[in-house]
Amino acid sequence: MSDLGYDAAHMLGAVVLLMSFALLYQRRLFSLLNVFTMQALALTATAAWQAYSHGEPHLYITALLTLVLKAILIPVALHRIIVKMKIHRTIEPALGIGLTMVAGVSLVTLSILLVLPVTADATALTRENLALSLSVVLLGLLMMISRRNAVSQVVGFMSIENGLILAAVGVAGMPLVVEMSVAFSVMVAFIIFGIFLFHIRERFDTLDMQKIESFRGESD
C-alpha cells in the first residue's frame, strides 16, 4: 500500500475512534444518535477505502451494509422510538464526563499495550487497525456501563459492533460470509433490543436503569 493509502486508512480508523469519545461526551439522546451516525459514516468510508486500496470488491458490500443499516435505518428507528415512547431526552451518566473520558483514554492505552505485542509479525496497518478496533469495542463497553438510559446502552452495543466491523475490514482476506453474518446478527440484536425497550417502558414507565433497579428493590 502506498503512503497515501496508509495515511488515509489510518486517519479514517482514527475518526471512528474519535467518534467513540464523542459518544461518551454526549448528554442528549438526539445528539448521541447524530454522533453515532457520523461514526457509521466514518466506518463506511473506512470499508470503502480498504476495498479500493486492497483490491477486495466484497468490502464494498460491507460498506453498503454499514451505510444502510448503521448510518440510516438504526438511527432513524431509534429516533422514532424516542419520540413515540416520549423518552426523557437528557442522558444521566453514572460517571461524570471527566472521569469517563479519563477511563476512555486508559482503555485506549490498554488496547495498544495488548494488541501491539501479540501482532508483531503483522503489517503496521493491521496492527494499528486492530488496536483502534479494540479501543472502539472497549469504549462501547464503557458507554454501556456509564450510561443509565437504556437507549444509550443500545447505542453503546452498536458502537461495539462498529469496532468489530473495523477489525474485520482491517484484516486482509476476511471472508464475505463473516461480514454478512455480522450484519445479520446486528439486525437481529437491534430488533430484540427494540422489543425489550417497548416492554420495559410499558412495564416500568421509564427507561432509566437506576429507577428500574430501585423499583425491583435491587438498589439501596
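**Exercise 1. Getting an overview**

Find what share of the 220 residues in the protein chain is buried, and describe the fold of this predicted model in terms of its helices and strands.

*Solution.* Start with burial: of the 220 residues in the protein chain, 45% are buried. Keep in mind as you go on that the model is predicted. Next, look at the secondary structure: the chain holds eight helices and zero strands. Read from the N terminus, the order of elements is therefore α-α-α-α-α-α-α-α. Finally, turn to the contacts with a separation of 6 or more: 76% of them join residues 24 or more positions apart.

**Exercise 2. Deciding where to trust the model**

Work out which helix has the highest confidence and which the lowest.

*Solution.* Begin with the whole chain, where the mean pLDDT is 77 and 72% of the residues score at least 70. Then go helix by helix: confidence peaks in α2, at a mean of 89, and is lowest in α8 (residues 209-215), at 52. Where pLDDT is low, the coordinates should not be read in detail. The exercises below turn to other helices, α2 among them.

**Exercise 3. Comparing the record with the model**

Locate the transmembrane regions that UniProt lists, and check how much helix the model has over residues 32-52 and over residues 130-147.

*Solution.* First, consult the record: the unreviewed UniProt entry places "transmembrane region" features at residues 6-25, 32-52, 58-82, 94-118, 130-147, 154-176 and 182-200. Now take residues 32-52: this span is 100% helix and 0% strand, with 30 Å between its end C-alpha atoms. Residues 130-147 come next, with 94% helix, 0% strand and 26 Å from one end C-alpha atom to the other.

**Exercise 4. Packing around α6**

Determine how α2 and α5 are each oriented against α6: roughly parallel or roughly antiparallel?

*Solution.* Take α2 (residues 29-54) and α6 (residues 150-170) to begin with: their axes lie 10 Å apart and make an angle of about 10°. Angles under 35 degrees count as roughly parallel, so α2 is roughly parallel to α6. On the α2 side, the residues in contact include L29, F36, L43 and Q50; on the α6 side, they include V151, M158, I165 and G170. Sorted by class, this contact has twelve nonpolar, seven polar and no charged residues.

Now repeat the steps for α5, which packs against α6 at about 170°, with the axes 8 Å apart. Angles over 145 degrees count as roughly antiparallel, so α5 is roughly antiparallel to α6. Here the classes are 13 nonpolar, eleven polar and no charged residues.

**Exercise 5. Two residues up close**

Establish whether N129 and T37 are buried or exposed, and name the residues that each touches, leaving out those up to four places away in sequence.

*Solution.* N129 sits in helix α5 (residues 124-146). Its relative accessibility is 2%, under the 20% cut-off, so N129 is buried. N129 touches Q50 and G170, and both of these residues also take part in the contact of α2 with α6. For a distance check, try V169: it is 40 residues from N129 in sequence, yet the two C-alpha atoms are 8.8 Å apart.

T37 belongs to helix α2. At 19% relative accessibility, T37 too falls under the 20% cut-off and is therefore buried. T37 touches A71 and P75. The C-alpha atom of L73, 36 residues away along the chain, is 10.0 Å from that of T37.

Notes. Residues are numbered from 1 along each chain as its sequence is written. This is a predicted model: local features need pLDDT of at least 70, side-chain atom pairs count only at pLDDT 80 or more; totals for chains, interfaces and linings use all residues. Side-chain values use heavy atoms; hydrogens and water are left out. Axes are lines fitted to C-alpha atoms, for helices over the stretch in contact, and angles run from 0 to 180 degrees between N-to-C directions. Helices (H or I, at least four residues) and strands (E, at least two) are DSSP runs, numbered from the N terminus. Angles under 35 degrees count as roughly parallel, over 145 as roughly antiparallel, 65 to 115 as roughly perpendicular and the rest as oblique. Contact means heavy atoms within 4.5 Å. Ala, Val, Leu, Ile, Met, Phe, Trp, Tyr, Cys and Pro count as nonpolar, Asp, Glu, Lys and Arg as charged, and the others, Gly among them, as polar. UniProt positions are given in the numbering used here, feature names are shortened, and annotations may be inferred rather than shown by experiment. pLDDT is the predictor's confidence in each residue, from 0 to 100. Buried means under 20% relative accessible area, exposed over 50%, partly exposed in between (1.4 Å probe, protein chains only).
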